[in-house]
Amino acid sequence: MSAEVQGQFAAFDRERGLAELLGGVPRDLLQKTLAQLLGGAFRITDANGAVLFGAAEAPQGSKRAPLRLELEPLGYLECAATDDGRLQGCALILELLLRGESRYQMASSLHLEAIQADYEALKQKHADLAESEARYKTLSEELEQRVREQVKVIEDAGRQLYQAEKMASVGRLAAGVAHEINNPIGFVRSNLRTSQDYAARLVALGKAIKAGRSASESWSELDLDFVVEDFAALLRESISGIDRVARIVTDLKGFSNVDRGEEEMADLNDNLRQVCSVIAGQLPPGIKLVQELGQLPRLVCLPGFLNQAFINLLQNAIQALDGEGEVKVRSRMVGDEIQIAIDDNGAGIPADVLPRIFDPFFTTRDVGKGTGLGLPVARDIIQIHGGRIEIESKQGVGTTVMIYLPV
């Protein structure tokens, strides 16, 4: 038996004195009742003779009856003006009253003990819960700290991959631009070398004339008629090549938007022309780039960011053609939105892949050939401008990327 249960039984079995039992009885009512039943003065004493109730002094010629609760008397009822039968009857009534009060007090004590035990148990549970809460709070704080650290690691990795994708785009652009510039620079260099030869012939003509030789014979020997005719062609061709280089640099500068880092009014058709011009140097011989640009209102935007989105989408379309096909860039107004469409007649996107194309780092290309950030970056740029991207694709037919930008 546990100490708690033993304590409850001890409280239940504790002997209660007469004074304690009478303490719960209404005294005025008991006084009137006994006075009427006994017909005279009376008093109640405990087992030691101490007066608990009634007259201070024992009535003259009084008799007394014991008040028993168990075996031993708890006290006595004393009265002089009554017979033995009435005295014994009143004593029995008092014993019944005391017995009921005793049971009531025992039950009350037991109830209080049980409540106290429950209260102590609840206090202990509360203390345990408080300790558990403190422990979980500590664990939660540690977990939050670890989550923050992991999020920072992921964000850092994401930024690095994002920068890697941008650098990859820059690298592809640089390769295309280098190819476009190398062609005119190559024939301009060749023309300059030829011009050096023609200049040497003119120097030789001057020396021959100074030496007294016939100018006509020297002119014919040096074939200067051809030199004069070809030199003019060389100059025209070199000027055309230099103009081509200047146009490429201008388009590249417009695409990169290096001089404009804030919002401004822009004609997106100009941006599309610049992007198409820059990316043209990367097109394989079997791919055709077509532009169908409609009239558009000017738009407040970040042109450099939109150029990045356009070139990402164009590069995806070109990669989908696998070296042969057509990419078409279209623009028009649809209601109060600018619609830009990029179509390709490539292999299309499988239905099970289409829902994942905007997931960061998701790519169907071989390892090392794509980071899976081109489309997510393009989508984020369009969303920053309050727009949206929709993609329709059918395997074996091609893909259409629709960009909507509010005016």
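Guide: Two strands are said to pair if DSSP finds at least two bridges between them, and the strands themselves are DSSP runs (E, at least two residues), just as helices are runs of H or I with at least four residues, all numbered from the N terminus. This is a predicted model, in which local features need pLDDT of at least 70 and side-chain atom pairs count only at pLDDT 80 or more, while totals for chains, interfaces and linings use all residues. Residues are numbered from 1 along each chain as its sequence is written, and side-chain values use heavy atoms, leaving out hydrogens and water.

Visitor: How many helices and strands does the protein have, and in which sense do β6 and β8 pair?

Guide: The protein has nine helices and eleven strands. Strand β6 (residues 287–293) runs parallel to β8 (residues 325–334), with seven bridges between them, and K288 stands opposite E326 of β8. Strand β8 is also joined by eight bridges to β9 (residues 337–344), this time in the antiparallel sense, with R330 opposite A341 of β9.

Visitor: What lies between β8 and β9?

Guide: The two strands form a hairpin with two residues between them, and G335 in that turn has a positive phi of about 65°. As a general guide, most residues other than glycine have a negative phi. D322, which is not a glycine, nevertheless has a positive phi near 55°; D322 lies in the loop between α8 (303–321) and β8.

Visitor: Is D322 buried or exposed?

Guide: A residue is called buried under 20% relative accessible area, exposed over 50% and partly exposed in between, using a 1.4 Å probe and protein chains only. D322, at 72% relative accessibility, is exposed, whereas E101, found in helix α4 (residues 84–210), is buried at 12%. Contact means heavy atoms within 4.5 Å, and, leaving aside neighbours within four places in sequence, E101 is in contact with L21 and G24. Across the protein, buried residues make up 33% of the 407 residues.

Visitor: Which residues are buried in α3, and where do they fall when seen down its axis?

Guide: The expected span of a helix is 1.5 Å times one less than its number of residues; helix α3 (residues 27–38), with twelve residues, reaches 16 Å from its first C-alpha to its last, close to the 16 Å expected. Its buried residues are L30, L34 and L38. Seen down the axis, these buried residues fall within an arc of 45°, so they line one face of the helix; the arc is that of the directions from the helix axis to the C-beta atoms. The face turned away from the buried side carries the exposed residues D28, L29, K32 and Q36, and just after α3 comes G39, with a positive phi of about 75°.

Visitor: How many of the twelve residues of α7 are buried?

Guide: Nine of the twelve are buried, so α7 is largely enclosed by the rest of the structure. Among them are L268, N269, L272 and V275, together with C276, which has a relative accessible area of 2%. The end C-alpha atoms of α7 (residues 268–279) are 16 Å apart, in agreement with the expected span.

Visitor: How many disulfides does the structure hold?

Guide: A disulfide is taken to be a pair of cysteine sulfur atoms within 2.5 Å, and the structure holds zero of them. C301 is a buried cysteine, at 0% relative accessibility.
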